[in-house]
Amino acid sequence: MTIAVLLTTFNRRQKTLACLESLKKQTIRGSAKLEVFLTDDNSADGTAEAVLRYFPGTHVYKGTGFLYWAGGMRQTWEKAREINPDFYLLLNDDTVLDNEAIETLLETSFTPAGKNRVPAISIGSTRDTHSGTLSYGGWQLQSRKRWKSSRVHSDTAVMDCDFGNANIMLVPWQVVSKIGILAPQFTHSLADYDYGLRAKKAGFAVKVAPGFLGSCVDDHGHNWKPQSVPLKERIRYMKSPKGLAYSEYLHFIREHFPLSYPSAFCKLWMKTFFPFIWERFKK
C-alpha cells in the first residue's frame, strides 16, 4: 500500500522540517510506503533546500509565490496522482503528527468501510500547541439546507462528520477517481470544506478519527478587521484570499447552501462596514 503525503509551504522552514520529521517517526503496521510530495511556493527562507538536504526522498516542486494554500495543494496533488497511490494524506506543514497518527487514520478509514466497501475519508483532530484544546478537525452540519455546523470529536470513538479541516485528512483513491482533487474555484481557504461536502454528496463517508493525532496552533482568530482599521483596508481584506475571500465564500455558499446566500452576503458586508456592530451581536 502506498500513501502519497501532500504538502505546500511558504516561508515556514522550521515548521515544515518539524512536520516532515514527525512523518519519519510514524509507526504503521503492514507494508505501507509513504511518498512525500511538497510544493514550495517560492519561499525566501531556504525551505526547499532544507527539505532536500534533510529529507532527500521528498518530491519538491516550485510554486509561483502566488499559489496560496489551495493552489499549492492542487499542484502537489496533481504531481502525486502520477504514482497512483492507494491513499492521499493532506497535511498542513505546521502540523506535527503523533507517532500513531497514520495508523489510526487507516483504521478509521476502514471502520466500517461503508455501504459499497469503499474506505472513508478520515479526518485527524489536532490539539493547539499552547492550550492543548481542539484546534482543527471534523465538523457536522446542523442543517442540510443552511450553513451552520458544530465540532465533532471523541477521545475514544470514530465519529461521522460532513467535512473537515485538511490539517490532517486521509483520502482514498476511490474518492479522487470520482470527484477529483481540490476545486479550482478556491485560492486559499474553504477548499477542504468544499471537498468533504462534495465527497458526501457523491456517496462517500467522512469520519473523524478518535483522540488527537497531532499538534497545530489555531492561528485563525477573528476573521474581520476592527473599526479602527480604515474602510479601504477593510474592503481589501474582505476581498483577499487570506481574508474573507468574498467571491469564493459566496460561491461556496451558493454551491452547497443556497438558502443561506442572502444572510451570508449581508454578514460579509456587516463585518466590513460595521465591525463594531458585528462583534457585539454576532451569532
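Me: What is the relative accessible area of Lys-33?

Reply: This is a predicted model: local features need pLDDT of at least 70, side-chain atom pairs count only at pLDDT 80 or more, and totals for chains, interfaces and linings use all residues. Numbering starts from 1 along each chain as its sequence is written, and side-chain values use heavy atoms, without hydrogens or water. Buried is under 20% relative accessible area, exposed is over 50%, and partly exposed is in between (1.4 Å probe, protein chains only). Lys-33 is partly exposed, with a value of 47%.

Me: Which residue forms a salt bridge with Lys-33?

Reply: A salt bridge puts a side-chain nitrogen of Lys or Arg within 4 Å of a carboxyl oxygen of Asp or Glu. The closest N and O atoms of this pair are 3.0 Å apart. The partner is buried, at 16% relative accessible area. It is Glu-35.

Me: How many residues apart are Arg-144 and Asp-162?

Reply: Their side chains meet in a salt bridge, 2.8 Å from N to O. Helices (H or I, at least four residues) and strands (E, at least two) are DSSP runs, numbered from the N terminus. Arg-144 sits in the loop between β9 (138-141) and β10 (149-152), and Asp-162 in the loop between β11 (159-160) and β12 (163-164). This pair links distant parts of the chain, with a separation of 18 residues.

Me: Is Asp-162 buried or exposed?

Reply: Its partner Arg-144 counts as exposed, at 56% relative accessibility. Asp-162 has a relative accessible area of 0%. So Asp-162 is buried.

Me: Why does the pair of Asp-94 and Arg-12 tie together separate parts, and how many residues apart are they in sequence?

Reply: The two form a salt bridge, with closest N and O atoms 3.5 Å apart. Asp-94 lies in the loop between β4 and β5 (96-97), and Arg-12 in the loop between β1 and α1 (13-24), so the parts they tie together have a sequence separation of 82 residues.

Me: Which residue is linked with Arg-12 and Asp-94 in a network of salt bridges?

Reply: Asp-94 is buried, at 13% relative accessible area. Arg-12 is partly exposed, at 25%. The network's other member is Asp-93.

Me: What length does helix α3 reach from its first C-alpha to its last?

Reply: Helix α3 (residues 68-80) has 13 residues. The expected span is 1.5 Å times one less than the number of residues. That gives 18 Å, and the helix comes close to it, reaching 18 Å.
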